[in-house]
Structures are given as structure tokens and as C-alpha cells.
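Work through the following exercises with the sequence and the model side by side, and try each task before reading its solution.

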Amino acid sequence: AALFGVSRTSVREALKVMEMNGAIEIRRGGGSFIAASEYAKLSRVLSSHFDDAETHFIHEMLELRRAFEVEAASLAAQRATPENLEAIQEALDRMKEAIDDPEAGVLADLEFHLQVARAAKNRLLIDMMGTLAKRMEDNIRATRRHRFVDASRHKDTYEEHQEIFLAIASGNAGLAARLMEKHISRIRLELNRSVIHQPKTKSGLE
């Protein structure tokens with residue numbers, strides 16, 4: 001009553017209306033409590049909004065990654081030095097070893113893509129990748145969480161990266177670009193399947 005500047009009677013009447021709508025439970029001698037069902041409804045609504053926001057962000061980041069990483073793979077195949085190839089291979093090895101360590105796998109995955117960009121020898125591309133590194137890390141972590149529900153995808157993902165590396169190492173620019181595009185497109189496809197097959201819950205707003 002003090003907070004809203006109204007009488008106690010007004011508060012009691014408002015609480016009665018909320019009770020009739022099922023939003024609260026009034027316990028004689030105990031006070032007024034938010035109904036348990038409302039907690040569940042609120043949780044579902046917030047969860048739905050957060051899931052939608054995360055999925056939208058992931059898709060936008062994948063669109064951006066495809067735009068510049070496909071070209072990066074092509075340029076890397078044309079310009080990579082032995083030192084660049086060694087750095088990409090090291091990231092690939094770390095990815096293989098991290099099958100039971102999700103966080104190490106995320107960092108190795110990120111390092112692989114950053115090293116491919118460095119091998120492209122384009123300073124603007126390298127700077128852009130460095131600026132986006134943290135967002136890319138979040139993106140990789142989020143997509144892995146959705147995609148690696150199926151444990152077999154760890155091995156498949158490693159092999160996809162290995163194929164990209166071999167194309168770069170062999171100097172096949174066209175193949176490197178196609179494999180990178182295929183890799184990112186497959187992530188988007190698997191993400192869509194993951195979201196589609198998640199159990200749907202009612203928002204409580206109908």
C-alpha cells in the first residue's frame with residue numbers, strides 16, 4: 001500500500017482479483033503467495049524468449065562466418081606457409097584430443113578457424129577475425145551444445161576440419177572453400193534440426 005500510495009483495501013481487492021485469476025494463492029493466516037503454476041508459466045515464457053534470442057544470434061553469426069571464412073579458406077590454400085600449416089595442424093590435434101573436454105574442444109575449434117584466417121595473409125581479414133574472436137567463441141560453444149547431443153558428431157566434426165586442412169595443405173583453393181561452406185552450412189542444418197526436435201511447451205499466454 002505504501003509503495004503504490006493506495007489504501008490497504010485497494011491492495012486486498014487487487015489480491016482477490018489475482019487469486020481469482022489463479023496468479024496467487026491466499027492462505028488464511030499465512031499471507032499471499034505466487035501460485036506454483038504461475039512459476040512454471042513464467043519459466044516457460046522466459047525460456048522460450050531466451051531460446052529464440054540465442055538461436056537468432058547463432059544464425060546471424062553463422063551467416064557472417066560463412067561470408068568471410070569461405071574466402072579465408074580459399075586464400076589460405078593459396079598463401080599458407082609451412083608455419084601456418086603447422087599452426088592449423090596443432091589446433092586440429094588439440095581438437096582431436098579434447099573429445100572428453102567440451103571447453104578445450106571449443107577453444108581448439110576457435111583456434112583452428114583463427115589460424116586459417118591468419119594463413120590467408122589478409123590483414124583486414126585477420127583484424128576482423130580477431131575482433132570477432134570472442135563472439136565466434138560463444139557461437140562455437142552454443143552450436144556445439146546443440147549439435148553434440150549426438151556423441152558421434154564429435155568425430156564427424158573433427159573429420160570435417162581435417163578435410164578442410166588437407167585441402168588447404170594441398171593448395172586446392174576451390175575445394176577448401178567448398179568444404180568450409182559445407183561445414184558451416186551443416187552446422188546451420190543441424191542447429192535447425194535440434195531446435196525443431198526440442199519438446200514444445202505452451203507459453204501460458206493463450
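**Exercise 1. Find out how confident the prediction is, overall and by region.**

Solution. Start with the whole chain: this is a predicted model, and the protein averages a pLDDT of 83, with 82% of the residues scoring at least 70. Next, turn to the individual elements, where confidence is lowest in helix H2 (residues 36–79), at a mean of 75, and highest in helix H3 (residues 82–97), at 96. Finally, look at residues 196–206, over which pLDDT stays under 50 and for which the model has eight contacts beyond four places in sequence.

**Exercise 2. Describe the overall architecture and the way the chain packs.**

Solution. Begin by listing the elements, which are seven helices and two strands, and then read them along the sequence to obtain the pattern α-β-β-α-α-α-α-α-α. For the packing, consider the contacts with a separation of 6 or more, of which 68% are between residues 24 or more positions apart. Buried residues make up 36% of the 206 residues in the protein, while the accessible surface comes to about 12,500 Å², of which 56% belongs to carbon and sulfur atoms.

**Exercise 3. Check whether the length of helix H4 agrees with its residue count, and list its buried residues.**

Solution. Helix H4 covers residues 102–119, which is 18 residues. The expected span is 1.5 Å times one less than the number of residues, so at 1.5 Å a residue H4 should span 26 Å, and its end C-alpha atoms are indeed 26 Å apart, which agrees. Taking under 20% relative accessible area as the cut-off for buried, the buried residues of H4 are Gly105, Val106, Ala108, Asp109, Leu110, Phe112, His113, Leu114, Gln115, Val116, Ala117 and Ala119. Beyond the helix, H4 is followed by Lys121, whose phi is positive, near 60 degrees.

**Exercise 4. Is Glu97 buried or exposed, and how many ångströms separate its C-alpha atom from that of Ala108?**

Solution. First place the residue: Glu97 is found in helix H3. Its relative accessible area is 65%, and because the cut-off for exposed is over 50%, Glu97 is exposed. Then compare this with Ala108, which is among the buried residues of H4; the two residues are eleven apart along the chain, and their C-alpha atoms are separated by 9.5 Å.

**Exercise 5. Search the model for interactions that involve aromatic rings.**

Solution. Look for ring pairs to begin with: a search of the whole structure finds zero aromatic pairs. Then look for a charge over a ring, and note that Arg27 lies over the face of Phe33, at 4.1 Å from the ring centre.

Key
Residues numbered from 1 in each chain as written. Predicted model: local features only at pLDDT ≥ 70, side-chain atom pairs only at ≥ 80, totals over all residues. Heavy atoms only, no water. Helix = DSSP H or I, 4+ residues; strand = E, 2+ residues; numbered from the N terminus. Buried < 20%, exposed > 50% of the residue type's maximum accessible area, 1.4 Å probe, protein only. Contact = heavy atoms within 4.5 Å. Areas by Shrake-Rupley, 256 points an atom, 1.4 Å probe, with all protein chains shown as cover. pLDDT = per-residue confidence, 0-100. Phe/Tyr/Trp six-rings, centres within 6.5 Å; stacked < 30°, edge-to-face > 60°. Lys NZ or Arg CZ within 6 Å of the ring centre and 35° of its normal.
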